[in-house]
Structures are given as C-alpha cells and as structure tokens.
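I opened a new notebook page for this structure. My plan is to look up how the chains sit together.

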2 protein chains.
Amino acid sequence: MLIVKKFGGTSVADKERIFNVARRCIEDYKKGNEVVVVLSAMGKQTDVLLAQAKEINPNASKRELDMLLTTGEQISVSLMAMAMDSLGVPAVSLNAYQVAMHTTSVYGNARLKRIDTERIHNELESKKIVIVTGFQGVNKFDDYTTLGRGGSDTTAVALAAALHADACEIYTDVDGVFTADPRIVKSARKLDEITYDEMLELASLGAGVLHNRSVEMAKKYGVQLVVRSSLNNTEGTVVKEEVKMEKMLVSGVACDKNAARIAVIGLEDQPGVAFKLFNHLARHNVNVDIILQSVGRDGTKDISFTVKEDDLEEAVAVLERHREGSLKCQKIDVEREVAKVSIVGAGMMSNAGVAAKMFEALYDVGVNIKMISTSEIRVTVLIDEIHVEKAMNAIHEKFLLSQM
Amino acid sequence: MLIVKKFGGTSVADKERIFNVARRCIEDYKKGNEVVVVLSAMGKQTDVLLAQAKEINPNASKRELDMLLTTGEQISVSLMAMAMDSLGVPAVSLNAYQVAMHTTSVYGNARLKRIDTERIHNELESKKIVIVTGFQGVNKFDDYTTLGRGGSDTTAVALAAALHADACEIYTDVDGVFTADPRIVKSARKLDEITYDEMLELASLGAGVLHNRSVEMAKKYGVQLVVRSSLNNTEGTVVKEEVKMEKMLVSGVACDKNAARIAVIGLEDQPGVAFKLFNHLARHNVNVDIILQSVGRDGTKDISFTVKEDDLEEAVAVLERHREGSLKCQKIDVEREVAKVSIVGAGMMSNAGVAAKMFEALYDVGVNIKMISTSEIRVTVLIDEIHVEKAMNAIHEKFLLSQM
C-alpha cells in the first residue's frame, strides 16, 4: 500500500509531538507500506513569521511573504526526517522545488496544477519514508507560492492523486467528522463515513475539519480520505463517493456564527435592481449567501441577504457608496448577531419532509427562523445567534443523530 | 557599475539593522548602480536551528541539516526585500534554487561549481535590487547544500565573478584589515590595501576577517574585494593582486592561539618513520603545521610538530594507538599553552633580514622562540601563549606598522 499521511502544525509543534508523528508513520512503514508524509509548519511558526514580516513592512508583497512562509514547512520536514532517522528508519525531506509542485502564479493563494512524482517514487523505491512540505508550490517564474488556507490538506490530496495512493489520511486534533460540534451538542457522535458532497457542505458551513479545496480535489480525483486523530488510534471518518445503503437521511448539524444579515429596504421595483446590487458587492469580493426578495409597499421591493460577518463593514460601505447613484433605496438595515444552522445529508435528496422536521424541531424550542436556504443535500436556516446551542441540540435530537 | 555587497548575520540581526543595510544598498542603487546583495542568516538563527536539530537527533544527517539550515538565509533575504520595498525601491529575494547555484554533492561543506546568471540579470534589468541567500547551493540531486564556514563570503565572491561585477564589498563589524588585532595591539592600523596572498596568510593565521576559500576564489577570478564596516562609512581595505609600490615589507602581525605542540621523542632513526607518523595523522584528518626534526641520542630522532588545539586529543590518541606497532618511540610530549605569531608581507620575498628583525623584537622583550616556520611572504614563530600580547606589540613596534 502507498499511504499519504498529513499532519497539521499542532501535531509537530515540539520534539515530543514530532517523535509521536514519526513513530506513527514508522508503524505503517514497518508493515511494508510505502509512506509519504505531508507536514505543515510547526505550531505557531507561520504566525511568528507573519509577525516578523509585518514589523518590517505591513504591506509586504505576497511574493516575498511566500518566500518567507515556505521556510516554515521546510523546517518541520527536515526535523521530521532527523527524528525518523534517529529511530532507525531512512527518511528524506523534500520541499516544493524538489518534488516539483507546479502551481498557478498567484502568490498567497495559488492552485496546484501538476505534481512531478519521479523524485518521490525514486525515494520510495530506495525504501525511504518521504516527507513533503505542505501548503507550498512553485510557479512558472520559479518562485515559491503558497496554497492559502487549508493548503496542506490540498497538498496531501493532490499527492495522493498524483501517486495513485491507496489511502490519504488527514490527521487532526479531533477523532473525525461529527454529527455536530461536540462542544455545542454533547451527544454528538463521530461518523464512520460521509460523502464528498456532505463534507463539502459541512466544511463550507464552518465544521472546520477539512478545507473545501482539498475535498473538491479528492472528489474530482476519487481520492478516498480518512479524517482521524493524531492523538489516539480511533478509526476516524472515511470521506468517499458513496456510503453504505442503510445510511441515515441527515449526517450532521453544523453552525456558522460568522454571518450577518443585510436588508436593503425600499428599492425601486424595476428590472436590473438585484443585478446591480449584487454586482457592486461581487466587484468588491463580498460573497453573498442566502438571498430573500420580497415585495415592499408603494411599488418598492426589499432584498435581504447574508454575508460573512468579516465582510459586513465592506459590504455596507459599498452599498452606501452607491445609494445615491444606481442603487436608490429607503434604508439599509444590518443584523450582526445571527448564525446559520444547517443539516447536511446525502439521503435528503430522495426524502421529503426533512426540512419540515428541522423546522418542527426549531418550533419546539421556540426559535424563530429568519431566512431559509436549501440545496439538494442541505437545509440552512438563519436564526438569532443566542439560540444556536438550543437549536442545534433540538435538531440533533429530532433526527436521533446520537443513536445511530 | 554592478556591485555585489555581502552582509553577515549580525548586520541583519533585527529590524533596525535590516533597515540600515537596506538604506546602504539603496544609496548605491540610487546612484544608478546595479546592486546584488548577499545575506547570511539573521543573528544567531543558524545556531538556533542547529540546537533544534541536535535536540531531535544529535547525529542528524548532513543532508537534512542543510535542508534545515538553508531556511535561515531564505528568511533574511525575504525580510530584506520587504524592507527595501517599504523604502520605495523594488527588490526581489532569490535562494540557491532560484539563482541556480550549482555545487558539489558534499553536504555541509560543498564547493560552488557554477552559477547561472540569467535570472539575476533579468531581475537587474527590470531595475530591481537582487537579494541572494549566501552560504547555500544546490547539488546534482536537486538537494540543498551549504558551503561550510565563511560560506556567504564565498557566495559573494563567486557571484561577483560570475556576474563580472565591478566591485565586491564584504561588510563586517570591523573597519577593514588591520596590521594586528586591535584588541591586542593598541596601535594597530587599518590597511588601505593588501594582496590576496597576504590576506590568505592572515586568514589562515586566524585574523578572522575573510575566509580562505573566498580569498582563493577572488584571487583565481581576479575579483577585487573590499572589506569594510557595516557600522560606519570608513573606506575599508581593498584586497587585490598587486598593491602600490611604496608598500611596506610587512603588512601585519597575526596570532593564532588555537595551537598545540606534540613532540614524539626517541623514534627509530630509519627511513620512512616520518612518513608513517604523518600518514597516520592525515588518515584521521589531523592537519599538521610546523614540523621540526632533530637527531636524538643513541641513534634515535625526535619529531615535533604543531596541530590545532582542537585536534590535539585526536592526534595523541592516534599516535598512542600505533605506539606499540609501526611507531616505536620513547615518549610523546604535549604542550597546550602555545601560540603562533606571524608576520605577513608581500614585500618580504625580495628583502633579506625581515625574519631576523622579527626575532630581534622577540629577543628585546625576552620571548623564547620554540619553533620557526617560513613561507615566501610569512614568518611564523611558536611561543608560549602567555607572551602573545607582549610579542605582538614588540613586533608591531619594530616594523613601525602603526606609523605608515
């Protein structure tokens, strides 16, 4: 078997943890597997480097930031190779140049284009564990690039795809993917399996286990992922195309508190108004989520939508700027203390009544629904942020997620 | 003019110093010069990384150590580019891969073989200051290598040669090359000029300003070096092939306290004994310096020689191991508290009496000479370490080195 194993920064934060990871990889190696390890920078190393850069130049170019940040993973992979070596197992560390991880040109947020596998295969053939820097690549100018948030997951999945690996294991500090955040829902249960699509919905809803790009890539190339804990030997959650038939309707409940609602009230009721509004926002890279349009009084209409709370100020500023021009309206209302709560499940597609059951759960505990959005495998509601815990527990209970 | 400027680790140890170096380079750039900057790792960064490695694996492979250490320079060059950028001057950092600094395969102590200049020339043409990682290279396996002690000086000289630079400036924390160590000889004077050969003799004698390999390379490729201070605007010392005619006989007095004397007494007086002795030492990488052979009593002979004090234990162990076998002798004597004091000067070659004058100076202050060694441009004596200061001042005075 060829196994790709990815460990995040906290898993290699100090000597003891580096040796833990080393032993874990050696276990697989000693069973006769070929092992490729992908690492992030140690602990808070990336933050330390960013702070150093900020001190020198708060507006440092992304090209130089990437040149700086990529040292972080290079340090962790070389130390890991030393650790394995001291445990008597031959290992070699490789950075993005040495592997040849080709990316697009965009610094700070590049996409992997192509990975050369020759060097890795050669090292594996000479019976070495191969340790690869996550998060980084090289563009056509021969410059370092970084892959943006969750980049090391993407590196691992891309490597697994390029190497036709038999398994791709993403190690994290939780036991796997849960039916809900265990910090909010006490009875939350670890899932044994989940589909790529469900994982994508959960990730975008702030479940925070895997980054969307890595899941998208895994789906595209059919890489079966395992999300598991680096702290214990629990089996983890398998992310794959299809899960077993007896699968329940709903896989999990997720919440996202990084949400805010904007209501633009009293817009002229004529064609092109919605287009203009969202076009202005898109031009300023403000992503809009749930949208609701309703007819107002006196031939006007109201448009409400949610944005990330981080983008709220920018969004309002953009709207205010165009208020006297192309975007005549009576009022712009803002609500910050709201959250999105969602149920996700591939089984939903073929089952009516799932949304109704969720709304019933919310009604039971007296939570008012402000907005609703659905996809084939997801139902999302916007509620007041203070009700999140109550709402999630009620939904979790209603779908008996803890009892499967 | 194309100028290569090299700054050591202390010159880029913190934000303030990084900006000092940045401003210094920008000064040259604004005069219309093309500027290439070579940097070492910041302050004690290399030591910090080595300590981290040692904690993980005290016998870490040199390949992985180089992978680890090369991050040090990459951090300093990227931060420097950010600093210059914030001062409004376009700059780009390049590491050994990006430049393409080809070296031999030996990790930890590689030699530069070839430097590609295309990328650097392109960046210079687009009016950027180019900042290059010192100390590092890439070997034929696409692995990082480091150049060993003084490696960043070598990088700077090699770059200056490859780019046909008009000047190569090595910045340090002293004003230039002195007639003697100013901490020992108060009246020591900075030299305006010195030849490559003199510099080589001084460096190997522990003057510690430039590393031998960089001077050898400068001589080979005719790169004119300037050694100057990063702390002030003093002119510094020019190192070149020939210096002006009115040049004095002796350029400087140097001392090396890292010396010990071994006397092997009562060896059989027959052919091949000296060969065997030094062959054993050479096989264990013990370098021998001054050698003295004398006839002993009863058909035996004595051989004395100096080694680096660091190598003393190893040398004695090697000799003891062969004492009963191929190396029969009566006694092995060791003297640790000795030092080498040397005068160096290209003018010596054509002038008799220089050595005698030095011996007179030592006689004047009652310092006993234990051994003598000479080259065309150097006279070295071995004396007791406690007399070093007295000896150096007397010699310095005798040759009126402070009055030129």
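I began at the rotation axis and asked which residue of chain B comes closest to it. I found B:Thr71, with its C-alpha at 2.6 Å from the axis. I noted that the model is a predicted one.

Next I looked up the rotation itself. Chain B goes onto chain A by a turn of 180°, with 0.0 Å of shift along the axis and an RMSD of 0.1 Å. The two copies are therefore related as by a two-fold rotation axis. I also checked the surface that each copy uses: 100% of the contact residues of chain B recur in chain A.

Then I turned to the interface. I read off 41 residues of chain B in contact with 41 residues of chain A. Together the two chains bury about 3200 Å². Carbon and sulfur atoms carry 59% of that area.

I went on to the polar side. There are two salt bridges between chain B and chain A. One of them joins B:Arg119 to A:Asp143, where the closest N and O atoms are 2.7 Å apart. I also logged 23 residue pairs in polar contact, both partners at pLDDT 80 or more.

Which element gives the largest share of the side of chain B that touches chain A? I found that H3(B) does, with 17 residues. By class, I listed 22 nonpolar, eleven polar and eight charged residues on that side.

Last, I looked at the domains of chain A. I noted domain 1 (2–172), domain 2 (261–336) and domain 3 (339–403). The C-alpha centres of domain 1 and domain 2 of chain A lie 43 Å apart.

Terms used
Residues numbered from 1 in each chain as written. Chains lettered and ligands numbered in written order. Predicted model: local features only at pLDDT ≥ 70, side-chain atom pairs only at ≥ 80, totals over all residues. Heavy atoms only, no water. Domains from an automatic or database assignment. Least-squares fit on C-alpha atoms with pLDDT ≥ 70 in both. Contact = heavy atoms within 4.5 Å. Buried area = accessible area lost by both parts, 1.4 Å probe. Salt bridge = Lys/Arg side-chain N within 4 Å of Asp/Glu carboxyl O. Polar contact = N/O pair within 3.5 Å; in protein donor to acceptor, adjacent residues only side chain to side chain. Helix = DSSP H or I, 4+ residues; strand = E, 2+ residues; numbered from the N terminus. Nonpolar A, V, L, I, M, F, W, Y, C, P; charged D, E, K, R; others polar.
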